[in-house]
Amino acid sequence: MKRQLVAALLALMLVICSALTVFTVADMGRVWGDGAVCSIGAQSSRDLSLLTALYPDLKWTAYAQSAPLTLAGDELPTRTAEAAMLSFLGSPRRIAFFPLASGRLPLDGESGACALDRSTAFELFKSTNVEGNLIRLDGKTVRVVGVMDVDRPLVLAPAGRDAKLNRLAADDRDAMLLLASALRAPIDPFELSGAELSTLARLLCIIPWLLVAAPVLASLRRRGGWWRVASTALLWALALGAVLALLWCVPVRLLPARWSDFSFYGEQAAAFRARPFRAPDVRDELIKWDMLRAGGWCAAACMALWMERMWLRCEKSHGSCC
């Protein structure tokens with residue numbers, strides 16, 4: 001009875017963690033599916049405005065994030081808060097993909113307007129319905145036009161004419177390559193767009209069930225007879241399906257032309273190591289958090305499966321597990 005109860009609890013844990021992995025990855029697809037691909041290259045707003053004349057059909061947004069600034073309510077200046085400022089040139093929806101709690105996002109060129117995150121708005125005004133209120137931002141009076149539902153202190157405002165913008169977001173990678181070529185700016189070949197990231201995360205949903213299916217088929221193979229033939233064919237089909245899923249989910253540029261090309265892996269590792277030294281970026285931090293959540297649930301599902309295997313092995317070797 002004890003064996004069946006423990007096995008049932010571990011199997012339930014496997015199912016729950018796998019379901020949470022699927023839910024998290026589906027939520028990533030909803031949030032990041034339209035997330036633009038970005039590139040680094042500090043440019044002035046004047047230089048970037050030339051892109052509109054050169055490529056009128058391309059849709060892009062440039063932005064930069066500064067260190068935390070001190071904000072103060074205009075009516076109650078004793079209430080202050082610290083938040084990072086995200087200034088942009090172009091459509092804010094390419095970078096402010098998080099939902100709105102109230103109001104709207106400021107428009108490109110709308111001077112004197114900003115949007116706050118929910119916690120900063122509540123800290124300054126004790127409310128999240130604060131459209132029309134004024135704040136003091138870097139010595140200037142700015143009107144709040146909306147509140148963003150994002151889990152970090154943030155102010156979103158249009159960039160000034162003399163602003164330096166160090167990130168460029170485009171709708172697809174082809175547009176990004178064209179813009180980077182026009183600006184003579186470097187582009188990270190290993191950076192993922194929102195759609196690519198969402199597709200890659202789907203691998204986390206199938207890993208626990210691949211680990212479930214493989215030992216089950218291996219145990220059936222030991223029975224001999226037609227069980228051996230059928231389970232062997234299914235194991236080969238499982239391995240082929242895993243390879244096809246990997247090739248479908250992972251972008252081609254992240255795969256080497258030859259698996260023995262160690263210089264490719266070195267370049268890829270160097271690009272990923274360089275990312276923590278970039279300027280702070282809301283997008284990158286939220287990507288890491290979402291991937292950590294999905295990876296954590298996937299690891300929990302695999303841990304439940306491993307514990308169940310170890311329990312069964314203990315039962316077989318000792319009769320009872322203490």
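**Exercise 1. In this predicted model, find which residues Thr-120 touches, leaving out those up to four places away in sequence.**

Step 1. Locate the residue. Thr-120 lies in helix H3, which covers residues 118-125.

Step 2. List its contacts. Thr-120 touches Leu-71, Ala-81, Ala-83, Pro-153 and Leu-154.

Step 3. Decide whether Thr-120 is buried or exposed. Its relative accessible area is 1%. Buried means under 20%. Thr-120 is therefore buried.

**Exercise 2. Describe the largest pocket: its volume, its lining and the elements that build the lining.**

Step 1. Start with the volume. The largest pocket has about 750 Å³.

Step 2. Turn to the lining. It consists of 32 residues. Nearest the centre of the pocket lie Pro-158, Ala-159, Gly-160, Arg-161 and Ala-163.

Step 3. Assign elements. Those that give two or more residues to the lining are helix H2 (45-54) and the strands E2 (60-65), E4 (80-90), E8 (140-148) and E9 (154-158).

Step 4. Pick the top contributor. H2 gives the most to this lining, with 5 residues.

Step 5. Sort the lining by residue type. There are 13 nonpolar, 12 polar and 7 charged residues.

**Exercise 3. Work out which residues have the most contacts inside the largest nonpolar core, and which helices give two or more residues to this core.**

Step 1. Count the members. The largest nonpolar core has 21 residues.

Step 2. Find the best-connected ones. Met-28, Leu-197 and Leu-203 have the most contacts inside the core.

Step 3. Name the helices. Two or more residues each come from H1 (2-32), H5 (194-201), H6 (203-221), H7 (225-249), H8 (262-274) and H9 (282-318).

Step 4. Rank them. H9 gives the most to this core, with 4 residues.

Step 5. Zoom in on Leu-197. Beyond residues up to four places away in sequence, Leu-197 touches Met-28, Trp-32, Leu-192, Ile-287 and Met-291.

**Exercise 4. Determine how many disulfides the structure holds, and check Cys-298.**

Step 1. Recall the bond. A disulfide is a covalent bond between the sulfur atoms of two cysteines.

Step 2. Give the count. The structure holds 0 disulfides.

Step 3. Test Cys-298. The nearest cysteine sulfur belongs to Cys-302, 4.3 Å away. A disulfide needs sulfur atoms within 2.5 Å, so this pair does not qualify. Cys-298 is in no disulfide.

Step 4. Check burial. Cys-298 has 5% relative accessibility, so it counts as buried. Cys-114, at 0%, counts as buried too.

Note on methods: Residues numbered from 1 in each chain as written. Predicted model: local features only at pLDDT ≥ 70, side-chain atom pairs only at ≥ 80, totals over all residues. Heavy atoms only, no water. Buried < 20%, exposed > 50% of the residue type's maximum accessible area, 1.4 Å probe, protein only. Contact = heavy atoms within 4.5 Å. 1 Å grid on protein atoms, 1.4 Å probe; cavity = no way out; pocket = protein on both sides within 12 Å on 5 of 7 lines; lining within 4 Å. Points joined across faces, edges and corners; volume = space filled by probe spheres on them. Nonpolar A, V, L, I, M, F, W, Y, C, P; charged D, E, K, R; others polar. Core = buried A, V, L, I, M, F, W, Y, C linked by side-chain atoms within 4.5 Å.
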